[in-house]
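Here are some short exercises to work through with the model open in your viewer. Try each task before you read its solution.

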Amino acid sequence: MTTTAVRTSHVAGRRADHVMAESFKVARHRCGEPPRPEDAHKVGVMRRIAAARLRHRGLDALIDEVMVLVSEMLTNALLHSGADEIGLHITDSEGYLHITVTDGQIGAATPREPAANAESGRGLLLVQALVKAHGGEWGTSETGDQTWCSLALPTQ
């Protein structure tokens with residue numbers, strides 16, 4: 001008996017489907033201090049899970065961009081929120097892939113212009129550029145406890 005894997009293709013415009021909904025605990029730390037290595041490692045784990053879920057849904061064309069977005073948005077929450085739990089939720093609906101990072105802390109994420117020689121501080125500028133290049137948008141919830149973005153799904 002032979003088993004064949006079947007990849008279902010995405011059809012834009014269907015009802016919202018969950019791609020992933022995951023959360024992970026982290027140690028609270030002060031803003032500006034580096035996170036524990038094991039907490040930073042969890043960002044990479046979430047990236048790999050997101051890539052696998054996108055691949056499974058036939059959304060391979062967005063994997064590279066989503067890897068960067070997930071990495072930057074989770075890292076921003078990890079570094080700046082002081083949260084003890086961070087969530088990642090990805091859905092697709094109405095022709096868009098929606099990515100939401102929840103840290104439960106009040107305060108809006110705002111891109112800033114780093115100094116030319118700064119080694120960090122460009123994450124949200126990168127999010128903004130990638131989302132714009134893919135016909136989407138990004139922002140934060142009214143309370144600031146969620147940062148989200150959307151990317152137009154490729155037509156098939």
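**Exercise 1.** Work out how helix 1 and helix 2 are oriented relative to each other.

*Solution.* Start with the geometry: in this predicted model, helix 1 covers residues 37-56, helix 2 covers residues 63-80, and the two pack at an angle of about 150° with their axes 9 Å apart. Next, bring in the cut-off: angles over 145 degrees count as roughly antiparallel. Helix 1 and helix 2 are therefore roughly antiparallel. As for handedness, the crossing of helix 1 past helix 2 is right-handed.

**Exercise 2.** Find the residues that helix 1 and helix 2 use to meet, and sort them by character.

*Solution.* First, go along helix 1: its side of the contact is D39, A40, V43, M46, R47, R48, A50, A51, L54 and R55. Then do helix 2, which brings I63, V66, M67, V70, S71, L74, T75 and L78. Now sort the contact residues: you get 12 nonpolar, 2 polar and 4 charged.

**Exercise 3.** Is D39 buried or exposed, and which partners does its side chain have in polar contacts?

*Solution.* Locate D39 first: you'll find it in helix 1. Its relative accessibility is 0%, so D39 counts as buried; the cut-off for that is under 20%. Now follow the side chain of D39. One contact runs to the backbone nitrogen of A27, at 2.9 Å. Another is a polar contact of 2.9 Å with the side chain of R36. Finally, skip the neighbours within four places in sequence, and D39 still touches K25, V26, A27 and L78. L78 should ring a bell: it belongs to the helix 2 side from Exercise 2.

Key. Residues numbered from 1 in each chain as written. Predicted model: local features only at pLDDT ≥ 70, side-chain atom pairs only at ≥ 80, totals over all residues. Heavy atoms only, no water. Axes fitted to C-alpha atoms, helices over the stretch in contact; angles between N-to-C directions. Helix = DSSP H or I, 4+ residues; strand = E, 2+ residues; numbered from the N terminus. Parallel < 35°, antiparallel > 145°, perpendicular 65-115°, else oblique. Left-handed = near helix turned anticlockwise from the far one by under 90°. Contact = heavy atoms within 4.5 Å. Nonpolar A, V, L, I, M, F, W, Y, C, P; charged D, E, K, R; others polar. Buried < 20%, exposed > 50% of the residue type's maximum accessible area, 1.4 Å probe, protein only. Polar contact = N/O pair within 3.5 Å; in protein donor to acceptor, adjacent residues only side chain to side chain.
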